[in-house]
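Colleague: I am new to this structure and would like to be taken through it one question at a time. Could we begin with the chain as a whole and then turn to its details?

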Amino acid sequence: MTLLRATAVAAILAAGGAHAQTTIIGFDPLEQPGILGSVFDSYSEGGYNFDSSFLGLLSSAHQSNFAYAGSAGLGATVLTTTTLSRNDGAAFSLSSISLADFVSLPGPYDVTFVGNKVGGGTVTQTFSLDGSHNFSNYTFTGFNNLLSATWQEGALHTFQVDNVAASVSAVPEPATYGMMLGGLGLLAFLRRRKNAA
């Protein structure tokens, strides 16, 4: 009887074993030589979309541009709101991001990210940038189960993002659900047998 119970527990644990798949969005396709930059109103990579607000434009500094921060990043024009979402509409989480100055007046400034949660509600987090053209890493807290995340460029300070670590939970396969239901059924059977004895 203990073998049956162990099998049922193993099936339940296997069903809960779906792992999150992390994608690092590094904007490598935007890496270009030269002093200019690329300008566009939306960008997609790794199953994620970046869209700019009305009349706003996304951009990326080329390698000889004064705003280039050591690798290709995604910036935007002043007062532009950028929205990050999954192209399949699935919920996702953000764990970290790299940030650097883009085109700004000298000096430090704050950047605020807003996560829009599935079912309503938001989570916000503010990071302080030192105004340098070098990417620094920042860690998100509580940016889970999101439908989208947004951030806005300032009037005097604009910034760029890179190495966005985003993950979406893997969907268990039908066989996994079958194992879980079988395990639960086996546990119910064992419980009923034990109570009858």
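Colleague: What share of the area that the chain exposes do carbon and sulfur atoms supply?

Modeller: This is a predicted model, in which local features need pLDDT of at least 70 and side-chain atom pairs count only at pLDDT 80 or more, while totals for chains, interfaces and linings use all residues. Residues are numbered from 1 along each chain as its sequence is written, and side-chain values use heavy atoms, with hydrogens and water left out. The chain exposes about 10,500 Å² (accessible area by the Shrake-Rupley method with a 1.4 Å probe; for residues, only the protein chains shown count as cover), and the share supplied by carbon and sulfur atoms is 58%.

Colleague: How many strands are there in the chain?

Modeller: Helices and strands are taken here as DSSP runs, H or I of at least four residues for a helix and E of at least two for a strand, numbered from the N terminus. Counted in this way, the chain has two helices, and its strands number 13.

Colleague: Which strands stand at the edges of the open sheet of six strands?

Modeller: The open sheet runs in the order β3-β4-β7-β12-β9-β10 with antiparallel pairing, where two strands pair if DSSP finds at least two bridges between them. Two of these strands have a single partner strand each, so one side of each is left without a neighbour in the sheet, and they are β3 (42-45) and β10 (122-129).

Colleague: Over how many bridges do β9 and β10 pair?

Modeller: In the hairpin of these strands, four residues lie between them, and Gly-119 takes a positive phi near 85°. Within the pairing, Val-114 stands opposite Thr-124 in β10. Strand β9 (residues 109-117) and β10 run in the antiparallel sense, and their bridges number eight.

Colleague: Which residues make up the covered face of β10?

Modeller: The uncovered face of β10 holds Thr-122, Thr-124, Thr-126 and Ser-128. The covered face is formed by Val-123, Gln-125, Phe-127 and Leu-129.

Colleague: Is His-157 buried or exposed?

Modeller: His-157 lies in strand β13 (residues 157-169), and, leaving aside neighbours within four places in sequence, His-157 is in contact (heavy atoms within 4.5 Å) with residues including Val-103, Pro-106 and Tyr-109. The relative accessible area of His-157 is 17%. Since the classes are under 20% for buried, over 50% for exposed and partly exposed in between (1.4 Å probe, protein chains only), His-157 counts as buried.
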